[in-house]
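Please open the model in your viewer, switch to a cartoon view with side chains available on request, and keep the sequence panel at hand. The stops below are meant to be selected one after another.

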Amino acid sequence: SPVGSFTCTTPAPGVYLLTFTALPDNRLVTAFCHTFLLALDIIEFSHPPGVVITTSGIPKFYSNGLDLEHALKTKGFFSNSLYALWKRLATYSLPTIALLNGHAFAGGLMTAMYHDYRIFNPSRGFLCLNELDFGVGLRAPMSSIFRQKLSHQTYRSLVLEAKRFGGKEALEGGIVDVLGGLNEALAFIDERKLTTKSKTGILGVMKQEMLRETLAYLDDHDGDDKLNQERVEEEEKRQDEGKKRVAQWQEN
């Protein structure tokens with residue numbers, strides 16, 4: 001299909017491995033997000049409780065993030081596609097693990113951060129928020145999830161330096177929980193008994209409370225857009241006034 005493929009396998013009892021392959025680099029376009037949402041529904045509502053691992057069938061990339069042109073031109077993309085996917089992952093009724101087999105940049109790393117846990121290839125790929133490098137600001141739901149889950153030092157390096165984290169640094173910075181591949185993910189699940197954690201039916205509710213701040217930003221995306229526009233206008237005004245003051249100073 002145009003979106004590529006989403007395939008679910010069970011490498012161990014109660015473990016659902018959801019592998020997505022949308023060439024060339026798993027961009028988060030509308031069709032991808034909606035297919036991802038459908039896959040999560042199918043697992044939740046037609047299979048016994050367990051754990052979901054998401055990963056990529058493309059060795060080099062977990063996800064390279066948004067297609068910016070598509071995101072800006074597609075009406076309702078953020079509210080109906082991207083933010084809907086992030087909210088679903090953040091409040092999903094089963095434990096979720098992002099198995100990062102390769103690069104996760106910008107929106108790709110954000111999507112991974114909306115999972116409960118992250119396991120990263122120790123020998124291939126970088127994790128990075130590179131919005132600073134191409135001059136695009138972070139919206140509140142894009143930033144808040146990192147602020148809630150990471151230390152200030154790691155958050156600062158991601159946002160203000162666009163630092164690329166390899167495996168060792170990502171583990172030290174708390175971005176990922178474990179280094180490894182599928183075998184390490186299965187051992188991680190077994191060690192923490194994650195396949196049992198959704199049986200009481202309240203895991204999603206617990207996540208809603210834990211991530212209250214970020215979920216509020218996801219729900220109030222219209223207010224966030226308005227605030228961003230006001231900030232842009234204030235910055236333009238500040239720059240105009242500052243240039244006038246400097247010009248006056250130069251004349252004197």
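Begin with the open sheet of 3 strands, whose order is S4-S6-S8 and whose pairing is parallel. Strand S4 (61-63) and strand S8 (127-128) stand at its edges, and each has a single partner strand, so that one side of each is left without a neighbour in the sheet. Bear in mind throughout that this is a predicted model.

Now select S6 together with S8, which pair in the parallel sense over 2 bridges. If you show side chains here, Phe-105 can be picked out with its bridge partner in S8, Cys-128.

From S6, step forward in the chain to Ala-106, which lies in the loop between strand S6 (103-105) and helix H4 (107-113). Ala-106 is not a glycine, yet its phi is positive, at about 50°. Is Ala-106 buried or exposed? With a relative accessible area of 8%, Ala-106 is buried, because the cut-off for that class is under 20%.

Next, select His-115, which is found in the loop between H4 and S7. His-115 is buried as well, its relative accessible area being 0%. To see what surrounds this side chain, which residues should be displayed as contacts of His-115, leaving aside its neighbours within four places in sequence? The contacts are Thr-54, Tyr-62, Leu-89, Thr-96, Ile-97, Ala-98 and Lys-149.

One of those contacts of His-115, Ile-97, leads into the other sheet on this tour. Select the open sheet of 6 strands, which has the order S1-S2-S3-S5-S7-S9 and mixed pairing. Strand S1 (5-12) and strand S9 (178-179) stand at the edges, each with a single partner strand, so one side of each of them has no neighbour in the sheet. As a general reminder while you trace the strands, those of a sheet pair through backbone hydrogen bonds, in either a parallel or an antiparallel sense.

Work across this sheet from strand S3 (residues 51-56), which pairs with S5 in the parallel sense over 3 bridges. Ile-53 has Ile-97 as its bridge partner in S5. Moving on, S5 and S7 pair in the parallel sense over 4 bridges, and Leu-100 stands opposite Phe-120 in S7. Beyond that pair, S7 and S9 also run in the parallel sense, with 2 bridges between them, and here Ile-119 stands opposite Val-178 in S9.

Stay on strand S7 (residues 117-120) and show its side chains: Tyr-117 and Ile-119 point one way from the strand, Arg-118 and Phe-120 point the other way, and all are buried.

Now go back towards the beginning of the chain, to the loop between strand S2 (15-21) and helix H1 (30-46), where Pro-24 has its place. The peptide bond from Leu-23 to Pro-24 is cis, with omega near 5°. Asn-26 has its place in the loop between S2 and H1 too, and although Asn-26 is not a glycine, its phi is positive, at about 55°. With a relative accessibility of 0%, Asn-26 counts as buried.

For a view of a helix, select H10 (residues 203-210), whose buried residues are Leu-203, Gly-204 and Lys-207. These residues cover an arc of only 100° around the axis, which puts them on the same side of H10. On the other side of H10, Val-205 and Met-206 are exposed. What do the buried residues of H10 pack against? They pack against helix H3 (77-90), strand S5 (96-100) and helix H11 (212-219), so display those elements alongside H10.

Finish on the surface, with Leu-68, Leu-72 and Phe-134 selected, since these residues make a nonpolar surface patch of about 300 Å². Phe-134 lies in helix H5 (residues 131-134). With a relative accessible area of 44%, Phe-134 is partly exposed, because that class takes in values between the 20% and 50% limits. For a sense of scale, draw a distance from Phe-134 to Thr-19: the two are 115 residues apart in sequence and 29 Å apart in space, C-alpha to C-alpha.

Methods. Residues numbered from 1 in each chain as written. Predicted model: local features only at pLDDT ≥ 70, side-chain atom pairs only at ≥ 80, totals over all residues. Heavy atoms only, no water. Buried < 20%, exposed > 50% of the residue type's maximum accessible area, 1.4 Å probe, protein only. Arc of directions from axis to C-beta. Contact = heavy atoms within 4.5 Å. Patch = residues over 30% accessible without salt bridge, like charges linked within 9 Å, V, L, I, M, F, W, Y side chains within 5 Å. Areas by Shrake-Rupley, 256 points an atom, 1.4 Å probe, with all protein chains shown as cover. Salt bridge = Lys/Arg side-chain N within 4 Å of Asp/Glu carboxyl O. Pairing = 2+ DSSP bridges.
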